[in-house]
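The following exercises concern a predicted model. Each task is followed by a worked solution.

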Amino acid sequence: MSGQENEDSTQQPPSNPLEEELKRVDAEAEPGLVEELEQERAREEAETVEVTGDRWRDAFRQIVSGSWTVALGAILLAVLAGSILIVATDEAVQEAASYFFARPQDTLKAVGEAIGGAYSALFRGAVYNYQADSFAAGIRSFTQTLNNATPLIAAGLGVALAFRAGLFNIGGQGQMLMAAVGAGWVGFGVTGLPFPLHLLLAMVAGMLAAALWAGIAGALKAFTGAHEVISTIMLNWIAFYLLSFFLATPGLMQAPGSANPRTPPIAESAQLPPLLGDRYPVHWGFVLALLAVAYVWWLLNRASLGFSYRAVGENPRAARVAGIDVEWSTVSVMLIAGALVGLAGVTQVLGTATTGFGEGIDSGIGFDAITVALLGGSQPVGVLFAGLLFGAFKAGGSAMQAAEGIPIEIVLVVQSLIVLFIAAPPLVRAIFRLPQPARRTATKRKSSSTKEMTA
Amino acid sequence: MSAPVSQPAPAPAQEAGARTIDKVSWKTPIALGSVLVLYVALLALAPHEGSARFALSTSRDFFQIPVYVVPAMSTAWLGAGVGLLLTVAVVLTVRARRRVPLWWISVYAVFLLVGFLAWAAAGSPRDLSVVGLLSGAVVLAVPIVYGSLSGVIGERSGVINIAIEAQLLAGAFSAAVVASLTGSPWAGLLAAMVAGMLVALVLGLFAITYRVVQIIVGVVLNVLVIGLTSFFYSQVLVPNTELLNSTTRFPRLPIPFLDRIPVVGPVLFNQTILVYLMFVVVLAVWFALYRTRWGLRVRAVGEHPKAADTVGINVLATRYRAVLIAGAIAGMGGAFYTVVSINQFGREMTAGAGFIALAAMIFGKWDPIKAALAGLLFGFATNLQNVLSVVGSPVPSQFMLMLPYVVTLFAVAGLVGRSQPPAANGQAYVKE
């Protein structure tokens, strides 16, 4: 259930984490673990491409069978599929195709225009708007991408962390909504506090609310065995209706003098200040998301608590035998994961939607975060890049919808295809006729990693 | 999936009545007690005087049962009293290290429910239609039950199916298009089954052949199908609503005579064909899984694929077949939305039913009949809130809407406990 296999197939970390882990593990205390790591290392070494003597060929083989080529191939395939959808539903193309055999060049031109228009709009919306008057105006698109990526990264980290501990956290939506309740309440309800203090208090309130909300699922799992998939789904709905009750009740969270289920605006002193000045949408939440990436990386790779999470995720029974408190791990990992997802909610409320929010404040990020975590291979740095990619798609998708009238849902199709293809390297290699890396060892590794997952 | 054993493997409740157990689990009494406290707090803080009217008959029945009029608060407190008695009894039983009979909990649930209904409907001039409550529950449960059956078959063969939502949505979409084009709901149903199988095929291709982590495939397929259906909806269906998105629905198909039995008749025997099919499919899946060679093989492949392979069962082919059949069943559930419920497709119209189906499957412990019952329970909870909003209840509607999920949370934590998935669930199989 963890990101174990995923790690194998999608993310080849640059340095060798096995070596690091081997050094860290105390051979006296955990001889079994050392042995396992050494076996894993042996497998890893066996997999490296065999040397044929021809240096250039070796280099070429190494490049084309690496994971970067697979990622590139996956993106290409997904974009191709997206293009087919765009072309197939484009009116100009349909018109020209009706006389395809008389003048095929018309059809081709229409196809080119449809695809070119779509992807240039995507680029303008997500990276740099070359039609803008100045560089400062053009780069606004990229800051929009960063702004979109902020909650995706934070929530993605929460899902990824739970994944590493063997928990499937589908409760991102509920956790974000509770974070919005906490942060919002302090953000507009408390008055008279100076700027950094008020902001800090609102953030803590939001993250704490989300952490406790996720902690419920963790505690139920640890002490009653209730499956976290059920409990997090149920908690999503409960949080949704709780927030909708708060928003509809005057005196709780509804803006005074309004009949709409919306909160009043967040007080100035509780807002996350813009990172690059008022003209760009990105705010300090992005920096917080980066800090969260660093924290999760440290937690998973350097802290003993993170090690126990990974151990529980790989094999809870073995972890228990090794003396790890599995119950406490389950509860605490959900608390931290909830706080991370809460950070996503907090940045939305205090940074992006500062004029007040309604019950749709999560805007599907809780579920997007699952895809982000999976694409990132449940690794913090992977989540960072996956979040940036999805943030770019989101920004570009709305630009595409505005400029070309292509529904933004096309972005969902492309995103999901990318994740799907990246997760299946053999398929991508087969399609592009790339060499499969040492077939025999690869299968062996696969089977061993599945065994580890289950045991 | 393993943690300290707080409850031994569930044994049949009847024969275990006198058996003592080693470890005491206080989950059940805690859950019952918490629900009771909530219930009593509700009655005490928001008393609701008046009388409640329960209508049990419809005009077509063989004989009429008069409308029951009960004093609301005393009925509600009676429910609380019985609930308290049973909770105390459960506490004593657990202290004596004996097993709690399942029917105690059922009685507890029924009394609290009736009391709650009486309290909620008190003072309302309208009758609370018990028939409407139950028959609506059956209808709302349809996609959940089909979806959970799909999950059961897939996971029993060792393939986790998070993509139930995708299968339902794809089924709903194809049923809408094909039923509109052909004018026949049957064609729509067939198309929905094909669509469900297509999603299942992709799931199988990635999860079985390419051995991608199955949860990834499922989650991603959900996003993919939401994206595809929404994209085609706004690009193709919206401009051509008349041609592509207005279906003929299945008519209600009352079964002669049976449908005129009071209460049972209208609830079970005056439904659409998809509901009757649902009962048939539930029994068929149960029979196929537990009484046929195919089912034995599916379960073997899901529990211990290597052993199954050793005796000559083709693991991958068995899994493919199971996943495809599961997909067809989920597709039928998807057809519910566009050829039974309403007559057109809408963006993301399944609204998370696939995840509720997943919950029902786990709730039902990977057993087709229990999963179907769990699905019916979810349907009931959803419809309860619809009915109460008609009667008009004093509680803010959001709390009514929340109630089914809160109760599920308590039930899963207190009564169901650790669910044990098939041993090889989620593992790709590599032949050595």
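**Exercise 1.** How many salt bridges does the rule find across the interface of chain B and chain A?

Solution. The rule finds one salt bridge across this interface. To locate a salt bridge, look for a side-chain nitrogen of Lys or Arg within 4 Å of a carboxyl oxygen of Asp or Glu. The side chains of R347(B) and E409(A) meet in this way, at 3.4 Å from N to O. Polar contacts come next: three residue pairs, both members at pLDDT 80 or more, are found across the interface. Several helices of chain B each supply at least two residues of the side that touches chain A, namely helix 6 (185-209), helix 7 (214-237), helix 14 (353-363) and helix 16 (397-416). Helix 7 of chain B gives the largest share of that side, 16 residues.

**Exercise 2.** Describe the extent of the contact between the chains.

Solution. Begin with the residues: 56 come from chain B and 60 from chain A. Then take the area: chain B and chain A bury about 5,200 Å² between them, and 79% of it lies on carbon and sulfur atoms.

**Exercise 3.** Compare the expected span of helix 3 of chain B with the distance between its end C-alpha atoms.

Solution. Helix 3 of chain B has 20 residues (102-121). At 1.5 Å a residue, counting one less than the number of residues, helix 3 of chain B should span 28 Å. Its end C-alpha atoms are 29 Å apart, which agrees. Buried residues of this helix include W104(B), Y108(B), L112(B) and W119(B). After the helix comes G123(B), with a positive phi near 75°.

Notes
Residues numbered from 1 in each chain as written. Chains lettered and ligands numbered in written order. Predicted model: local features only at pLDDT ≥ 70, side-chain atom pairs only at ≥ 80, totals over all residues. Heavy atoms only, no water. Helix = DSSP H or I, 4+ residues; strand = E, 2+ residues; numbered from the N terminus. Buried < 20%, exposed > 50% of the residue type's maximum accessible area, 1.4 Å probe, protein only. Contact = heavy atoms within 4.5 Å. Buried area = accessible area lost by both parts, 1.4 Å probe. Polar contact = N/O pair within 3.5 Å; in protein donor to acceptor, adjacent residues only side chain to side chain.
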